Amino acid sequence: MRALNRQSLLLAPLEADGSLTLQQQLYQRLRQAILNGQLAAGTRLPATRQLAAELQVSRNTVIAVWSQLQAEGFILSDRQGSRVSRLAHTPLPAQASDDSTDWPVSARAARLHSLHRLSSQELALRPSTPALAHFPLAQWRRALNQTAQQAQLLGYGDPLGELALREALAQHLALARGVRCAPQQIVITEGAQQALTLCVALLTNRGDTGWVEEPGYRGAKAAMRLGDLQIEPIAVDAQGLAPTAQDWQQRPPRLIYTTPTHQYPTGAIMSAARRLALLAAAQRHQAWIIEDDYDSDFRYSGEPIAAMQGMAQPTPVIYIGSFSKTLFPALRIGYMVLPAPLLPRLRPALHELLRGGNRPEQQALALFLRSGDFNRHLSKMRRLYRQRQATLRAALQETFGAQVPLLGGECGMHLVLPLADTVDDVALTAQLFRHGYAPGALSGFYLGGQKQQGLVLGYGNTSTSQIMAGVAQLARLLPGINP
């Protein structure tokens, strides 16, 4: 056993005015010295009384450090004193390298990537972001305050979500979206993306075929990739998802993702005839349909279009939605409505996978729905978004000509501006991002094959002045539009 001399690192003075206590300094010094090999296995440590005198600290300080290191397995103590334990790994270098690029990751992770440029700021023209400055914080705070005092909400709740929220949500969906369901069929999730991931995990097996819209929502493709599905893009036309008889015959799906009320991103509305045909074909092929009703509360011409889920019962539709666009993204509350016959089969798995989420916030949201604050907010946002869309449309037409092609506009918070094939929309969005604007590149919503170039221009969280400035910046980068 080696003895430590008085010049060792162990006896270096401690900083009396440091940000750490003397005990913390001594503990970290010894622990790191053992990890990086400066104190080798078997090294004898001084007696606590001797070391306390050398360091001019209380003996209790040294005893506390010895006890902590012994509890963690770094040192051993017996009648002969204390010594460094023999660790079961090679000593770590003083400064470990952060280069782990060669370490393995799953093939699923390697296949996931996005063309979105993320920022801590909510940049102008970003799609799918609501008008955050117009959110009724006072009403929301009042609802939160009413639930924050309830200690019983601090424990685990129903894994499927708070019953009060599911009841309020069932009533809202029935009136506003034509969804037929009982509160027990609703599962509260942490956003719509978790609902998508759960659908893939619980309704498919590895290698099954999943249909997605082309172009379509990247989050659905990501969920299917994580489930190791064979993803098949199905073309979208002016009436939405347009599968052919050949598609059903040659690549029948187990799961179909669609946005029938407001196709994302083109804005197409699936006709009633096509909806019924899709429901009938899905039943024949025993396929499940995920109906993502992401922003249909914001419709600007006529009455809101009812959900496909309510067109027939029973139906093979899992209806999903969230409050990210109607309220604010950070709320992270979504939901899915399961077909009644499916619920008993999935409930055991859901009880294992879910823990009920944030109970006080769910109860606050239930109050927000029941009080009428939610519907009043929706009405206010419809007027605001209608105005902002008109501003964006007029600015584009004034800048690029009255015949400028635009897709969508009857619903939601974005317009699509198609561009000529000679335009690189990814490079264009990168340029706009550097100037403080974050539209989406239309080509990034395609899975493969022929890709349409274009911009997905969000106006939900973009003021009138920002819209005008953004279109002017676009004009400087893109002198003409010839789709």
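How many residues does the hairpin use to join E2 to E3? The hairpin joins E2 to E3 through 2 residues. This is a predicted model, and the report below walks through its strands, sheets and aromatic contacts.

**The hairpin and the annotated domain**

Strand E2 covers residues 75-78, and strand E3 covers residues 81-84. They pair in the antiparallel sense over 4 bridges. One residue pairing can be named: Ile75 has Val84 in E3 as its bridge partner.

A UniProt record, from an unreviewed entry, places the feature "domain: HTH gntR-type" at residues 20-87. In the model, that span is 51% helix and 15% strand. The C-alpha atoms at its ends lie 27 Å apart.

**The sheet of 8 strands**

An open sheet of 8 strands follows, with mixed pairing. Its order is E4-E11-E10-E9-E8-E5-E6-E7. Which strands stand at the edges? They are E4 (186-189) and E7 (240-241). Each has a single partner strand, so one side of each is left without a neighbour in the sheet.

At the E7 edge, strand E6 (residues 230-237) is joined to E7 by 2 bridges, and the two run antiparallel. Val236 has Leu241 in E7 as its bridge partner.

At the E4 end, a helix comes in. Helix H6 (residues 163-177) lies across E4, strand E10 (317-322) and strand E11 (334-337). H6 runs at about 110° to E4. The loop between H6 and E4 holds Ala182. Is Ala182 buried or partly exposed? At 30% relative accessibility, Ala182 counts as partly exposed. The C-alpha atom of Ala182 is 8.4 Å from that of Ala340, although the two residues are 158 residues apart along the chain.

**The sheet of 3 strands**

A second open sheet has 3 strands in the order E12-E14-E13, with antiparallel pairing. Strand E12 (414-418) and strand E13 (440-441) stand at the edges. Each has a single partner strand, so one side of each lacks a neighbour in the sheet.

E12 and strand E14 (residues 454-458) run antiparallel and are joined by 5 bridges. Here His414 has Gly458 in E14 as its bridge partner. Helix H13 packs on this sheet and touches E12 and E14. The direction of H13 makes about 20° with that of E12.

The named bridge partners from both sheets and the hairpin are collected here.

| Residue | Bridge partner | Strand of the partner |
|---|---|---|
| Ile75 | Val84 | E3 |
| Val236 | Leu241 | E7 |
| His414 | Gly458 | E14 |

**Aromatic contacts**

The model has 13 aromatic pairs. Why is the pair of Phe323 and Phe374 edge-to-face? The ring centres are 5.6 Å apart and the planes stand at 70°, so the pair is edge-to-face; the cut-off for that class is over 60 degrees. Phe323 lies in the loop between E10 and E11, while Phe374 lies in helix H13 (residues 373-400). The pair therefore ties together parts that are 51 residues apart in sequence. Both Phe323 and Phe374 are buried.

H13 thus appears twice: the helix carries Phe374, and it packs on the sheet that holds E12 and E14.

Ring pairs also link a cluster made up of Tyr217, Tyr257, Tyr264, Tyr294 and Phe445. Which residue lies over the face of Phe445? Arg218 does, at 4.3 Å from the ring centre.

Note on methods
Residues numbered from 1 in each chain as written. Predicted model: local features only at pLDDT ≥ 70, side-chain atom pairs only at ≥ 80, totals over all residues. Heavy atoms only, no water. Pairing = 2+ DSSP bridges. Contact = heavy atoms within 4.5 Å. Axes fitted to C-alpha atoms, helices over the stretch in contact; angles between N-to-C directions. UniProt positions renumbered as here; feature names shortened; annotations may be inferred. Phe/Tyr/Trp six-rings, centres within 6.5 Å; stacked < 30°, edge-to-face > 60°. Buried < 20%, exposed > 50% of the residue type's maximum accessible area, 1.4 Å probe, protein only. Lys NZ or Arg CZ within 6 Å of the ring centre and 35° of its normal.
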